[in-house]
Amino acid sequence: MSYKVKKAAVLGAGVMGAAIAAHFANVGIPTVLLDIPAKEGDRNAIARAGLERALKARPPAFYLKEFAELIEIGNFEDDMNKISDCDLIIEAVVERLDIKRSLFENVEKFRKQGSIVATNTSGISINAIAEGRSEDFRKHFIGMHFFNPPRYMKLLEIIPGRDTLPEVVEFVADFGERVLGKGIVYAKDTPNFIANRIGVFGMMYTLKLMKEMGLTIEEVDALTGKAIGRPKMATFRLADMVGIDVLYHVALNVYENAPNDEMREIFNPPEWLKKMVENGWLGDKTGQGFYKKVKGEGGKKERLVLDIETLEYRPVKKVSFPSLEMAKTEEDVRKRLQIMCYGKDKGSEFVWKSIAALLIYSANRIPEIADDIVQIDNAMKWGFNWELGPFEIWDAIGVRKSVERMEKEGMQVPEKVKKMLEAGGESFYKEEGVKTYYWDFETNSYKELATRPEVIILSKLKKAGAVVKENADASLIDLGDGVACLEFHTKMNAIGPGILQMVDEALEEVRKNFEGLVIANQGEHFSAGANLALLLMAIQEEEWEEIDYMVRAFQKATMSLKLFEKPVVAAPFNITVGGGCEFCLHCHRIRAHAELYMGLVEVGVGLLPAGGGTKEMLLRVVDKYVPKGLPRGVVVDPFPHLRRAFETIAMAKVSSSAYEAKKIGFLGECDSISINRDYLIYEAKQVVLNLVREGFKPPRVKKVKMTGRDGYAYLKMLVDNMKWGGWISEHDAKIALTIAKVLTGGDVLPGTVMNEWEILDLEREGFLSLCGEPKTQERIQHMLTTGRPLRN
């Protein structure tokens, strides 16, 4: 039978359950959210509280709060009949086998035949949960383990039961990837599945090694964070965020349910960790865990750290190891790992021992927890936010070199790894052209890594010779089917002269040899805007003509994109601010990833958007107050729309999702959104091809009737009120009035017509005037130094 999910149910409105329901609503699926009935008063109070918690969550659980309207709440006693028309039912109640079994016994009375039933358990046996259920239930029962928070975490572990139909597994994986935007990993029904089994082993082994080597908590956090490709929260700050009780119980689950695990004793929590749980020192949720914040001298917050020997808190000490300092200077995570594993100090010794144990443990878990290395690597990257998975780490530090050291130090290297080396396999992964191969332990040979056609990987295309043009900052890549891709590859994809030069060259190449262009990259962020370091240098040298030239070049590049004769589609994601946002605003279409944090944030460094961003926000609201087809004599008040554009820029509004970007006005009605970022470039390419098929015609330069002195006076009144109320500084007011002049035309008669080039001249003049302000220089310097805006 063919499966579809038109309606879903989530059973359990706790933190995870409510967040899973929120994400289903995010992708447009009506969802029933049920929990136990309240003992008195509103019987749906518990489910209602869960939904309200999801609405208040930070980071937001919903793409837009309005999406919560798709969620219907209820309780297990009065509303179980509401699941009878649901195609997918997900359980997310407390981690107790008896409670889950009892709930599913009730579910079976109401579910329709053929509906898929899933559990979000983080480690209880799927087969044990399904015990006693009917054949149809068991055939349609599966584990769907989301990671918290579900909107943001890419990993979805799929765990089939022994009776789960293959077509159910296939559908759930496809649904998870295409509809929910997740990365799918296939796990076996073993304690804690994949990510938590490997991740918690790593954490528990770290605790043991830390005590043995006499290291402190802050030293271990410094050694196990960015330096080795892990999140900044490293080990103990992560445990505080997740909850020390959660770490304790997940570890205990393996200890109690994996008797044949050769490292079972590692999962037995040490006495000092048990004492922390008994004391209620559970991390962030109780105000203290491995770390604790207190008020120090002068009321300033001070962070204390736990001494595991005395179980008393003390001030955090500065950490320094030679290997760590060297690793901090290296951008490439693989080189950082080599520095940290093969250094000569105590810190690198710790890293080597902990990573070696992790690698050996991971290899020994195949085929117990997963069939291949790819599942384990992806689970750790997507579920724990590691830059590299265990087997990619092994490749980075050198398989043969590390195995020789492991054996020299008396470690038990898995036979399957030695056999790989004997068979001539020097690495777990290898690339040939656009194909990637991984080492398969079962056949003792390389296997091709299967990929979907919807997943385009630029680095592979470049290795396969698809680069048409390139410089140090950007490349033009042939995506096939007559579509090219302009890729930025500077630090944070900041836009500088190299990218602007490549825009000219790319458009000329596309004009001659391609049907259209996608602007995309696969960095951490789409673009953090213009290169501020270059700008600050020019300001300090008072090179005003050079700055004028830089801004003109930027404006020329964005207008070239807008007026280009063939379709140009931007594919932004994550941070897309300042100049990065301006590039997108000038493209004919935007295909954005749902996680889009887009904004014109130049006011944070004392400037205004001068790459056409201010102009484009004006054009977007002009259509609102000069709509086509109005009856003769009907006039729309322009000021509320003008105010909206003004506030968007002056308040540096940044979207919390692509849907909010549409609401703000950064995305237009014809722009579209991808849920799975892996598909983003492919889907942007399809937008280009669709525009070509529809007979694309480029836009012409627009003319605008400016609101002139009247509009400027209106916006000045808003600014003066903010200044008098103490909400903004004198400098903020100066920036705001400069923006107001661009949006209104300034000291001109209302109704004065200006074209886009004339508005760009106003942008440039305003930008240059603000560059001369000392406080602007202070703001730029502060942003470059701290990464945060300065208010002065």
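Which residue in β13 does E432 stand opposite? Point 1 takes this up. The model is a predicted one.

1. **The three-stranded sheet.** E432 stands opposite K435 in β13. The pairing behind this is antiparallel: β12 and β13, the latter spanning residues 435–440, are joined over four bridges. They belong to an open sheet of three strands, ordered β12-β13-β14 and paired antiparallel. Its edge strands are β12 (429–432) and β14 (445–448), and each of these pairs on one side only. From one strand to the next, the twist averages 35°.

2. **The seven-stranded sheet.** This open sheet runs in the order β15-β16-β17-β18-β19-β21-β23. The pairing is mixed. At the edges are β15 (467–470) and β23 (672–674), each pairing on one side only. Here the twist averages 25° from one strand to the next.

3. **One edge of that sheet.** How many bridges join β15 to β16? There are three, and the two strands run antiparallel. Strand β16 covers residues 474–480. To place the pairing on the sequence, take K469, which stands opposite L476 in β16.

4. **Helices α16 and α17.** Helix α16 covers residues 390–397, and helix α17 covers residues 399–408. Their axes lie 6 Å apart and the packing angle is about 90°. Angles of 65 to 115 degrees count as roughly perpendicular, so α16 is roughly perpendicular to α17. From α16, the contact uses W394, D395 and I397. From α17, it uses V399, K401, S402, V403 and M406. By class, the contact has five nonpolar, one polar and two charged residues.

5. **I360 and its neighbours.** I360 lies in helix α14, residues 346–364. Is this residue buried or exposed? I360 has a relative accessible area of 11%. The cut-off for buried is under 20%, so I360 counts as buried. Leaving out residues up to four places away in sequence, I360 touches W394, M406, M411, Q412 and P414. Two of these names return from point 4: W394 of α16 and M406 of α17 are both part of the contact between those helices. For a long-range reference, take Y63, which is 297 residues from I360 along the chain. The C-alpha atoms of I360 and Y63 are separated by 41 Å.

6. **Helices α25 and α28.** These helices cover residues 639–650 and 708–724 respectively. Their axes come within 11 Å and cross at roughly 55°. The two helices are therefore oblique to each other. The crossing of α25 past α28 is right-handed. On the α25 side, the contact residues are F639, L642, R643 and F646. On the α28 side, they are D710, G711, Y714, L715, L718 and V719. Seven residues of this contact are nonpolar, one is polar and two are charged.

7. **Two cis peptide bonds.** Most peptide bonds are trans. Where are the cis bonds noted here? One is the bond from R58 to P59, with omega near 0°. P59 lies in the loop between α2 (45–56) and β3 (71–75). Another is the bond from N148 to P149, again with omega near 0°. P149 sits in the loop between β6 (141–146) and β7 (155–160).

8. **N192, with a positive phi.** Most residues other than glycine have a negative phi. N192 is not a glycine, yet its phi is positive, near 70°. The residue is found in the loop between β8 (183–186) and α7 (195–213). How accessible is N192? Its relative accessible area is 1%, so N192 is buried.

9. **M492, also with a positive phi.** M492 is not a glycine either, and its phi is about 60°. This residue belongs to the loop between β17 (483–488) and α20 (497–513). Strand β17 also appears in the seven-stranded sheet of point 2. M492 is partly exposed, with a relative accessible area of 40%. N192, by contrast, is buried.

How values were computed. Residues are numbered from 1 along each chain as its sequence is written. This is a predicted model: local features need pLDDT of at least 70, side-chain atom pairs count only at pLDDT 80 or more; totals for chains, interfaces and linings use all residues. Side-chain values use heavy atoms; hydrogens and water are left out. Axes are lines fitted to C-alpha atoms, for helices over the stretch in contact, and angles run from 0 to 180 degrees between N-to-C directions. Angles under 35 degrees count as roughly parallel, over 145 as roughly antiparallel, 65 to 115 as roughly perpendicular and the rest as oblique. A crossing is left-handed if the near helix is turned anticlockwise from the far one by less than a right angle, and right-handed if clockwise. Contact means heavy atoms within 4.5 Å. Ala, Val, Leu, Ile, Met, Phe, Trp, Tyr, Cys and Pro count as nonpolar, Asp, Glu, Lys and Arg as charged, and the others, Gly among them, as polar. Two strands pair if DSSP finds at least two bridges between them. Buried means under 20% relative accessible area, exposed over 50%, partly exposed in between (1.4 Å probe, protein chains only).
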